[in-house]
Amino acid sequence: AGLPELHCRVGINCGAVLVGNYGCRAKMDYTIVGDPVNLASRLEGLNKKFETSLLISGQVYGSDNVDATFVCRLLGRVAVKGKTQGVEVYEVLGFTSEVDPS
């Protein structure tokens with residue numbers, strides 16, 4: 001009540017990554033690295049171009065009944081930095097139980 005809306009952009013991808021404390025005693029950093037992380041970051045940035053707020057990769061869309069749980073719209077195959085082939089990108093519109101199918 002009275003507070004401004006919070007708008008954020010999210011990119012989701014899946015895959016094997018390395019997570020943990022990296023560095024030495026003088027400078028330690030908890031971080032995550034790997035190609036799946038880089039793609040998720042690229043998807044997050046693509047939200048601005050597509051004027052969306054939540055994008056997922058085709059790999060996420062094809063896993064664990066995502067298409068049965070969420071209504072998603074295929075935006076196409078997009079060239080992203082660091083990839084030689086385009087990546088399928090989907091916008092998540094909402095839960096299937098909450099989105100009007102028309």
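# Exercises on a predicted model

Read from start to end, the chain of this predicted model runs through the pattern β-β-β-α-β-α-α-β-β. In total there are 3 helices and 6 strands.

## Exercise 1. The chain as a whole

Task: Decide whether the chain is a compact globule or more spread out than one, and describe its extent and surface.

Solution.

Step 1. The radius of gyration is 16 Å, whereas the globule rule gives 13 Å for 102 residues; the chain's value is well over that, so the chain is more spread out than a compact globule.

Step 2. Along the principal axes, the box filled by the C-alpha atoms is roughly 55 × 45 × 25 Å.

Step 3. Of the 102 residues, 25% are buried. The accessible surface of the chain is about 7500 Å², and carbon and sulfur atoms hold 52% of it.

Step 4. Take the contacts between residues at least 6 apart in sequence: 50% of them link residues at least 24 apart.

Step 5. The chain carries 10 positive and 11 negative charges, and the mean positions of these two sets lie 14 Å apart.

## Exercise 2. Thr52 and Asn47

Task: Place Thr52 and Asn47 in the fold, classify each as buried or exposed, and state how their side chains are joined.

Solution.

Step 1. Thr52 sits in the loop that connects α1 (35-50) to β4 (54-57). Asn47 belongs to helix α1.

Step 2. Buried means under 20% relative accessible area. Thr52 is at 9% and is therefore buried. Asn47 has a relative accessible area of 0%, so Asn47 is buried too.

Step 3. The side chains of Thr52 and Asn47 form a polar contact of 2.6 Å.

Step 4. With neighbours up to four places away in sequence set aside, the contacts of Thr52 are Arg9, Asn47 and Glu91. Under that exclusion, Asn47 contacts Arg9, Val10, Gly11, Thr52, Ser53, Leu54 and Leu55. Arg9 appears in both lists.

## Exercise 3. Positive phi outside glycine

Task: For Glu51 and Asn65, give the phi angle, the place in the fold and the exposure class.

Solution.

Step 1. Glu51 is not a glycine, yet its phi is positive, at about 55 degrees. For Asn65, also not a glycine, phi is positive at about 60 degrees.

Step 2. Glu51 lies in the loop between α1 and β4, the loop that also holds Thr52. Asn65 lies in the loop between α2 (58-61) and α3 (66-69).

Step 3. The cut-off for exposed is over 50%. Glu51 has a relative accessibility of 75% and so counts as exposed. Asn65, at 56%, is exposed as well.

Step 4. Back in the loop after α1, Glu51 is exposed, whereas Thr52 is buried.

## Exercise 4. Tyr22 on strand β2

Task: Locate Tyr22, assign its exposure class and list the residues it touches beyond its sequence neighbours.

Solution.

Step 1. Tyr22 is part of strand β2, which covers residues 18-24.

Step 2. Its relative accessible area is 34%. This value falls between the limits of 20% and 50%, so Tyr22 is partly exposed.

Step 3. Residues up to four places away in sequence are not counted; Tyr22 then touches Lys27, Met28, Asp29, Thr31 and Val33.

Step 4. Ile32 is 10 residues away from Tyr22 along the chain, and their C-alpha atoms are 9.3 Å apart.

## Exercise 5. Gly82 and Thr96

Task: Locate Gly82 and Thr96, then set separation in sequence beside separation in space for the pairs Gly82 with Asp100 and Thr96 with Cys14.

Solution.

Step 1. Gly82 is in the loop between β5 (70-78) and β6 (87-95). Thr96 is in the segment after β6.

Step 2. Gly82 has 70% relative accessibility and therefore counts as exposed. Thr96, with a relative accessible area of 37%, is partly exposed.

Step 3. From Gly82 to Asp100 there are 18 residues in sequence and 37 Å between C-alpha atoms. From Thr96 to Cys14 there are 82 residues in sequence and 21 Å between C-alpha atoms.

Step 4. Apart from residues up to four places away in sequence, Thr96 touches Asp67, Ala68, Thr69, Phe70 and Val71. Helix α3 (66-69) is the element that precedes two of these contacts, Phe70 and Val71, which fall in the range of strand β5 (70-78).

Notes: Residues numbered from 1 in each chain as written. Predicted model: local features only at pLDDT ≥ 70, side-chain atom pairs only at ≥ 80, totals over all residues. Heavy atoms only, no water. Helix = DSSP H or I, 4+ residues; strand = E, 2+ residues; numbered from the N terminus. Buried < 20%, exposed > 50% of the residue type's maximum accessible area, 1.4 Å probe, protein only. Polar contact = N/O pair within 3.5 Å; in protein donor to acceptor, adjacent residues only side chain to side chain. Contact = heavy atoms within 4.5 Å. Rg over C-alpha atoms; globule rule 2.2 N^0.38 Å. Areas by Shrake-Rupley, 256 points an atom, 1.4 Å probe, with all protein chains shown as cover. Lys, Arg positive; Asp, Glu negative; His and termini not counted. Charge placed at Lys NZ, Arg CZ, Asp CG, Glu CD.
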